[in-house]
Amino acid sequence: ELMRYGGRFYDHICATPSEYRKLLKFNGNPTVELDFSAFHPTLIYAKFFGIECDSDPYFLDYDHDKFFKETNCNLRTVLKCIMTRILNVDIKSQKIGLCKAVYDKMMDELVDNGYEKKQKNEKPSGITKANVNELYSLLIEKHQKIVPLMDGNLGLIALKLESDICF
């Protein structure tokens with residue numbers, strides 16, 4: 001049943017580190033790598049409602065500086081992680097494992113920025129279940145239009161749309 005959505009074009013080149021992908025040529029011509037901000041939520045709004053998102057889908061009217069001072073984490077990155085969960089997990093199950101998904105994403109970002117992880121299950125300081133759940137609720141409120149579509153397949157649909165655009 002899920003195969004009707006097709007999927008994302010993916011091969012070994014996609015897994016190649018970006019510094020090497022920049023060196024790739026196709027028929028002797030340099031390749032380009034495009035990056036679109038908030039691409040999947042934007043595709044979902046366009047596909048089902050024929051409209052653009054009225055603002056950055058990962059933006060909330062929230063004190064970004066205060067959040068960073070309290071958590072040492074970028075709020076937009078946390079919101080993007082939560083939104084990815086919203087698009088890929090059915091509405092009834094979204095909160096299950098949500099905090100762990102956010103913790104893992106934030107730890108990956110901290111490590112990428114030079115932080116040395118000390119323990120396997122270490123959590124980023126300041127990120128709590130309470131603030132993750134609050135941000136989740138605010139994102140659901142912001143995206144009420146897509147809530148009825150949240151069956152766990154929106155992410156697959158966005159991947160299929162992305163592939164259709166590329167080819």
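This tour moves through a predicted model, stopping at one helix, its surroundings and the core it helps to form.

Begin by selecting helix α4, residues 75–88. This helix has 14 residues, and the distance from its first C-alpha to its last is 20 Å, close to the 20 Å expected at 1.5 Å a residue. At the start of α4, look for asparagine 74, where a side-chain oxygen comes to within 2.8 Å of the backbone nitrogen of arginine 76.

Next, colour the buried residues of α4, which are Leu75, Thr77, Val78, Leu79, Cys81, Ile82, Met83, Ile86 and Leu87. As you look along the helix, it helps to know that an α-helix has 3.6 residues a turn, so residues three or four places apart point the same way.

Now widen the selection to the largest nonpolar core, which has 35 residues, and within which Val78, Ile82, Ile86, Val102, Ile127 and Leu135 touch the most other members. The elements that give two or more residues to this core are α2 (39–49), α4 (75–88), α5 (98–112), α6 (129–142) and α7 (154–166), and it is α4 that gives the most, with 8 residues. Such an arrangement can be set beside a general tendency: in soluble globular proteins, nonpolar side chains tend to be buried together.

To see one core residue in detail, select isoleucine 82 and show what lies around it. Which residues does isoleucine 82 contact, leaving aside its neighbours within four places in sequence? They are Leu98, Val102, Val132, Leu135, Tyr136 and Leu139.

Then select threonine 77, which also sits in helix α4. Threonine 77 has a relative accessible area of 18%, and it counts as buried because that value is under 20%. Apart from neighbours within four places in sequence, threonine 77 is in contact with Lys105, Met106 and Glu109. If you draw a distance from the C-alpha of threonine 77 to that of valine 102, you should find 9.1 Å, although the two residues are 25 apart along the chain.

Step back along the chain to threonine 71, in helix α3 (residues 64–71), which is buried at 1% relative accessibility. A polar atom of the threonine 71 side chain lies 2.7 Å from the backbone oxygen of phenylalanine 67, and the side chain of threonine 71 also reaches the backbone nitrogen of cysteine 73 at 3.1 Å.

Finish with the cysteines, including cysteine 73, buried with a relative accessible area of 1%, and cysteine 81, buried at 13%. How many disulfides are counted here? The count comes to 0.

Terms used:
Residues are numbered from 1 along each chain as its sequence is written. This is a predicted model: local features need pLDDT of at least 70, side-chain atom pairs count only at pLDDT 80 or more; totals for chains, interfaces and linings use all residues. Side-chain values use heavy atoms; hydrogens and water are left out. A nonpolar core is a set of buried Ala, Val, Leu, Ile, Met, Phe, Trp, Tyr and Cys residues joined through side-chain atoms within 4.5 Å. Buried means under 20% relative accessible area, exposed over 50%, partly exposed in between (1.4 Å probe, protein chains only). Helices (H or I, at least four residues) and strands (E, at least two) are DSSP runs, numbered from the N terminus. Contact means heavy atoms within 4.5 Å. A disulfide is a pair of cysteine sulfur atoms within 2.5 Å. The expected span of a helix is 1.5 Å times one less than its number of residues. A polar contact is a pair of N or O atoms within 3.5 Å; within protein, one must be able to donate a hydrogen and the other to accept it, and residues adjacent in sequence count only if both atoms are side-chain atoms.
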